[in-house]
Amino acid sequence: TLTFDSWHQDRGGNDTFNLRDKKMVRVSIDGGTSWTTLVNCDGNTTIPFCIPSPSFQNRSVTGWDAITIDIPDDLVGETGILELSYDTVDAGQGWERGWYIDNMNINRCDIYATF
């Protein structure tokens with residue numbers, strides 16, 4: 001299980017019509033030759049960082065979302081590269097502040113690796 005705290009003030013990433021704020025979480029176990037997508041925000045309305053923030057409103061700096069992403073069984077026990085990507089595409093006329101990550105952990109047999 002991958003867990004982290006997420007804070008964003010942007011269009012979220014699920015606006016496939018405008019293709020703004022592209023966000024993905026991927027993993028590679030072959031040095032980056034191929035990737036398994038864990039989260040793609042295109043069209044995703046279930047994960048908090050994929051949901052747009054209200055335009056022109058300041059989000060509380062203490063309003064972090066606790067995120068939990070399951071790791072597929074075929075990747076469990078493997079050593080790999082974890083990638084969180086974010087492309088804002090545009091600045092949202094100045095109101096967007098971006099996507100921030102904190103307290104990232106990967107649970108491995110009751111041992112936590114902290115980034």
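**Figure 1. Asparagine 103 is partly exposed in this predicted model.** Its relative accessibility is 43%. Asparagine 103 is found in strand β6. The backbone has a notable feature here: phi of asparagine 103 is near 55°. That is a positive value, in a residue other than glycine. Strand β6 covers residues 98-108 and gives two or more residues to the largest nonpolar core.

**Figure 2. Histidine 8 is buried in strand β1.** The relative accessible area of histidine 8 is 3%. Buried means under 20%, so histidine 8 falls in that class. A polar atom of its side chain lies 2.7 Å from the backbone oxygen of isoleucine 51. Beyond four places in sequence, histidine 8 touches Lys23, Pro48, Phe49, Ile51, Pro52, Ser53, Arg59, Asp65, Gly98 and Trp99.

**Figure 3. Strands β1 and β4 run antiparallel.** Five bridges join β1 (residues 2-9) to β4. Threonine 3 stands opposite threonine 68 in β4. Which β4 side chains are buried? Asp65, Ile67 and Ile69 are, and they point to one face. Ala66 and Thr68 point to the other face and are not buried. Strand β4 spans residues 65-69.

**Figure 4. An open sheet of three strands has the order β3-β2-β5.** The pairing is antiparallel. Why does one side of β3 and of β5 lack a neighbour in the sheet? Both strands stand at the edges, and each has a single partner strand. Strand β3 covers 36-40, and β5 covers 81-87. From one strand to the next, the twist averages 20°. Four bridges link β2 (residues 22-28) with β3. One bridge pairs valine 25 with valine 39 in β3.

**Figure 5. Asparagine 40 is partly exposed in strand β3.** Its relative accessible area is 29%. A polar atom of the asparagine 40 side chain lies 3.0 Å from the backbone nitrogen of aspartate 42. Outside its neighbours within four places in sequence, asparagine 40 contacts Lys23 and Met24. Asparagine 40 and methionine 24 are 16 residues apart in sequence. In space, their C-alpha atoms are 4.6 Å apart.

**Figure 6. The largest nonpolar core holds 15 residues.** Phe4, Val25, Val39, Phe49 and Ile69 touch the most other members. Elements giving two or more residues to this core are β1, β2, β3, β4 and β6. In soluble globular proteins, nonpolar side chains tend to be buried together. What does valine 25 touch, not counting residues up to four places away in sequence? The contacts are Leu2, Thr36, Thr37, Leu38, Val39, Phe49, Ile69, Leu82, Glu83, Leu84 and Trp99. Among them, Val39 is also its bridge partner in β3.

**Figure 7. The protein chain has seven strands and zero helices.** Along the sequence, the pattern is β-β-β-β-β-β-β. There are 115 residues, and 31% of them are buried. Of the contacts between residues at least 6 apart in sequence, 73% join residues at least 24 apart. The accessible surface comes to about 7,000 Å². Carbon and sulfur atoms account for 50% of that surface.

Note on methods. Residues are numbered from 1 along each chain as its sequence is written. This is a predicted model: local features need pLDDT of at least 70, side-chain atom pairs count only at pLDDT 80 or more; totals for chains, interfaces and linings use all residues. Side-chain values use heavy atoms; hydrogens and water are left out. Two strands pair if DSSP finds at least two bridges between them. Axes are lines fitted to C-alpha atoms, for helices over the stretch in contact, and angles run from 0 to 180 degrees between N-to-C directions. Buried means under 20% relative accessible area, exposed over 50%, partly exposed in between (1.4 Å probe, protein chains only). A nonpolar core is a set of buried Ala, Val, Leu, Ile, Met, Phe, Trp, Tyr and Cys residues joined through side-chain atoms within 4.5 Å. Contact means heavy atoms within 4.5 Å. A polar contact is a pair of N or O atoms within 3.5 Å; within protein, one must be able to donate a hydrogen and the other to accept it, and residues adjacent in sequence count only if both atoms are side-chain atoms. Accessible areas come from the Shrake-Rupley method with a 1.4 Å probe; for residues, only the protein chains shown count as cover.
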